[in-house]
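Trainee: I'd like a close look at how the strands line up with one another in this structure. Please pick a starting residue and build the picture outward from there.

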Amino acid sequence: MSQTQLCQVADVQTYLGDAAKNAGDVLELLINGASAFIENWCNRKFALTDYTEWRNGTGKERIYLANGPVVSVAAVSVDGYAVQPSPDTRSYGFVVGDNTLYLRPGAGPGAAPRVFTRGIQNVEIQYQAGFATIPPDII
């Protein structure tokens, strides 16, 4: 299944029955077109996708990510300073909740930022978001 397809040809053939047995190529084109239309209409990708966002620092401990659901965060930097994930519920570092990235306050190493410092495009976030399996209510 291509990354943009929200369902498979076999799913549509099963749904349509005998009438669709020999229409695999046509169904593939229709699925690709419909999937692209749905993603454009919803202004999002549904399949797992890697993202790199450059965000404006807010001066606060949280920043909202543009895509979800967030599966993992690979890297965060504020003003060029790499922030590590928080190893537990109390220690300094970043944590993710829903589509929000938080900087956990605490004694970070050296010049570690305590907030997403105010600035223009000074926060870089690399993360993965989307669905490994497209939920049935989207298909």
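Mentor: Happy to! Let us start at Ser72, whose bridge partner in β7 is Gln128. Before we go on, note that this is a predicted model, where local features need pLDDT of at least 70 and side-chain atom pairs count only at pLDDT 80 or more, while totals for chains, interfaces and linings use all residues. Residues are numbered from 1 along each chain as its sequence is written, and side-chain values use heavy atoms, with hydrogens and water left out.

Our bridge belongs to the pairing of strand β3 (residues 70-78) with strand β7 (residues 119-129), which run antiparallel over seven bridges. Strands here are DSSP runs of E with at least two residues, helices are runs of H or I with at least four, and both are numbered from the N terminus. Two strands count as paired if DSSP finds at least two bridges between them. Strands of a sheet pair through backbone hydrogen bonds, either parallel or antiparallel.

Now step out from that pair. β3 also pairs with β4 in the antiparallel sense, over three bridges, and here Val76 stands opposite Val83 in β4. The two strands form a hairpin with two residues between them, and Asp79 in the turn has a positive phi of about 55 degrees.

Put together, this gives an open sheet of four strands in the order β1-β7-β3-β4, with antiparallel pairing. At its edges are β1 (49-57) and β4 (81-83), each of which pairs on one side only. Neighbouring strands of this sheet are turned by 25 degrees against each other on average, direction ignored. For such angles, axes are lines fitted to C-alpha atoms (for helices over the stretch in contact), and the angle runs from 0 to 180 degrees between N-to-C directions.

What is the order of the open sheet of three strands? Reading across, you meet β2-β6-β5, again with antiparallel pairing. β2 (62-64) and β5 (93-97) stand at the edges with a single partner strand each, so one side of each is left without a neighbour in the sheet. The twist from one strand to the next averages 25 degrees.

In the middle of that order, strand β6 (residues 100-104) pairs with β2 over three antiparallel bridges, and with β5 over five. Tyr102 is a good residue to find in the viewer: Arg62 stands opposite Tyr102, and Tyr102 is also the bridge partner of Val95. β5 and β6 form a hairpin too, with two residues between the strands, and Asp98 takes a positive phi near 55 degrees there.

Asp98 leads us to Tyr64, a residue of strand β2. Tyr64 and Asp98 are 34 residues apart in sequence, yet their C-alpha atoms are 9.2 Å apart in space. Leaving aside neighbours within four places in sequence, Tyr64 is in contact (heavy atoms within 4.5 Å) with Glu53, Arg55, Asn99 and Thr100.

Let us zoom out to see where these strands sit in the chain. There are two helices and seven strands, and along the sequence they follow the pattern α-α-β-β-β-β-β-β-β. Among contacts between residues at least 6 apart in sequence, 64% join residues at least 24 apart. Of the 139 residues, 33% count as buried; buried means under 20% relative accessible area, exposed means over 50%, and partly exposed lies in between (1.4 Å probe, protein chains only).

For contrast, glance at helix α2 (residues 24-42), where Phe37 and Trp41 lie four residues apart, about one turn of the helix. Phe37 is exposed, with a relative accessible area of 51%, and Trp41 is exposed too, at 69%.

So there is your route: from the bridge of Ser72 and Gln128, through the sheet of four strands, to the sheet in the order β2-β6-β5.
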